[in-house]
Amino acid sequence: MASSTISEKLRKQLAALPARPGVYIMRNAAGEVIYVGKAAKLRDRVRSYFGSPHGLEPKTRALREQVDDFEYIVVSNPGEALLLEATLIKRHQPFFNIRLKDDKRYPYLKIDLQNPWPRVTITRRIENDGARYFGPYASAGSVRAALDLTKKLFPWRSCTKEITGRDPRPCLDYYIKRCIAPCTAYCTKEEYDEVIQQVILFLEGKADDVLRRLRAQMDEAAERLEFERAAQLRDQLRAIERTVERQHVATTRHEDADVFGLARDGDDACVQVFFIRGTQMIGRDSFMLAGVRDESDAAVLANFLLQYYEGAQYTPKLVAVPLEPDDRAAIEALLTEKRGARVEVRVPARGEKRRLVDLAAENAREALALARVRWLADASKTEQALDQLREELSLPAVPRRIECYDNSNIQGASPVSSMVVFVDGQPGAEPVPAASA
């Protein structure tokens, strides 16, 4: 769409916009979603894109140039619009939005409580199936580290076999104290359920509750003269205590908080989150964002919080942030509704929480710098590979666009074709006109 003209189709759509809260979805000529926005009044907000281009941010002018069509969804109030916007951004990953990188499927830990003998597994899909989910984790490495830790500390079964209690002998996990062998009926259903409950409490950050339960069980076993059982519980207690000791002492007061730090570089940003439960920092993770150029820190932080908590399975009492995000009151209201109790989004000015926010920001800067170094290293390797390909194929220039096709059929029938595109050595890139390759 030319910057100085608006198509007749868009004019009619703009004229029909209602003065109600909602979410608008903009598409380019190829039908791809390129921007999702919210508005207290759809008519005023969407029309603002198509007035005089003077005074618009460069990013907004670039967006306006590409809009070919739009649709909108009317909601009851601005709070609903805020939540729906975050959901649609996560689903479509529009180019002009602030978005979590690679957020199609963040990993979670799942405990299937509908199974009589639950396991702890990794999943990238949340379903309304009665299971408990923990996350999201920023990467496969983060979630696997959490899974490995729970397996070392708690003897839940990792096998997928049907549990009948009639197996002739347990597997190796039983002998190395990684499972209490429900397959051979070496434990009761109640004993196994207690192990799973301990895992849930631990993943919720309630290690003190787990330790109290284990100490009570150890004392009971000793009183019944079950010394082997008491010794196993003692060893498990010590392992969990060592794990808790390695976690940083974050505060002198008991807290239930997520602490965020923000760092930016060009079009990328990194948010570091510390999970504070009790007096301990039980974990941390880093999340990368794209599309932040020309956006304020307050807008970047607000977009991250909405996208992160839209999928998070636990919402703490306190969300500590380095600066006040856009739509702070609306975000607090959404998080309060999600938790079912009051949630505060606070900018600490001093004290332990300010120290934690500053520390999170420092770690975010380090993570962003590391990601940049890795990206540059990968880019250098890609350039070397493309140059080597040019030499091997005697090409006049480095192949910036590579298209691969495959055709298949079954004895001349049911033909199927596929196409894979690499642009600058990266797979799955957006299609570009052949003339510009």
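**Exercise 1. Place Asp 294 in the predicted model and describe its backbone and its exposure.**

Step 1. Asp 294 sits in the loop that links strand E11 (280-290) and helix H10 (297-311). This is a predicted model.

Step 2. Check the backbone. Asp 294 is not a glycine, yet its phi is positive, about 70°. Most residues other than glycine have a negative phi.

Step 3. Check the surface. The relative accessibility of Asp 294 is 42%, so the residue counts as partly exposed.

**Exercise 2. Do the same for Leu 225.**

Step 1. Leu 225 belongs to the loop between H8 and H9.

Step 2. Its phi is positive too, about 65°, and Leu 225 is not a glycine.

Step 3. Is Leu 225 buried or exposed? The cut-off for exposed is over 50% relative accessible area. Leu 225 has 59%, so it is exposed.

**Exercise 3. Analyse helix H5.**

Step 1. Take its length. H5 covers residues 140-153, which makes 14 residues.

Step 2. Compare its span with expectation. From first C-alpha to last, H5 reaches 20 Å, close to the 20 Å expected at 1.5 Å a residue.

Step 3. List its buried positions. They are Val 143, Ala 146, Leu 147, Thr 150, Lys 151 and Leu 153. Note that a lysine and a threonine are in this list.

**Exercise 4. Map the largest nonpolar core.**

Step 1. Find the best-connected members. The core has 33 residues; Leu 109, Ile 111, Phe 154, Trp 156 and Ile 240 touch the most other members.

Step 2. Find the contributing elements. Strand E5 (108-111), H5, helix H7 (189-203), helix H8 (207-223) and helix H9 (227-246) each give two or more residues. H7 supplies the largest share, 8 residues.

Step 3. Follow one hub. Which residues does Ile 240 touch, leaving out those up to four places away in sequence? They are Leu 153, Phe 154, Phe 202, Val 210, Leu 211 and Leu 214.

Step 4. Look for another core. A second, separate one has 32 residues, including Leu 82, Phe 260, Leu 305 and Val 343. In soluble globular proteins, nonpolar side chains tend to be buried together.

**Exercise 5. Summarise the whole chain.**

Step 1. Count the elements: 12 helices and 16 strands.

Step 2. Take the dimensions. The C-alpha trace spans about 85 × 65 × 40 Å along its principal axes.

Step 3. Assess burial. Of 437 residues, 42% count as buried. The accessible surface is about 23800 Å², and carbon and sulfur atoms hold 50% of it.

Step 4. Tally charges. There are 66 positive and 64 negative side chains, and the centres of the two sets lie 2 Å apart.

Technical notes: Residues are numbered from 1 along each chain as its sequence is written. This is a predicted model: local features need pLDDT of at least 70, side-chain atom pairs count only at pLDDT 80 or more; totals for chains, interfaces and linings use all residues. Side-chain values use heavy atoms; hydrogens and water are left out. Helices (H or I, at least four residues) and strands (E, at least two) are DSSP runs, numbered from the N terminus. The expected span of a helix is 1.5 Å times one less than its number of residues. Buried means under 20% relative accessible area, exposed over 50%, partly exposed in between (1.4 Å probe, protein chains only). A nonpolar core is a set of buried Ala, Val, Leu, Ile, Met, Phe, Trp, Tyr and Cys residues joined through side-chain atoms within 4.5 Å. Contact means heavy atoms within 4.5 Å. Accessible areas come from the Shrake-Rupley method with a 1.4 Å probe; for residues, only the protein chains shown count as cover. Lys and Arg count as positive and Asp and Glu as negative; His and the chain ends are not counted. The place of a charge is taken as NZ of Lys, CZ of Arg, CG of Asp or CD of Glu.
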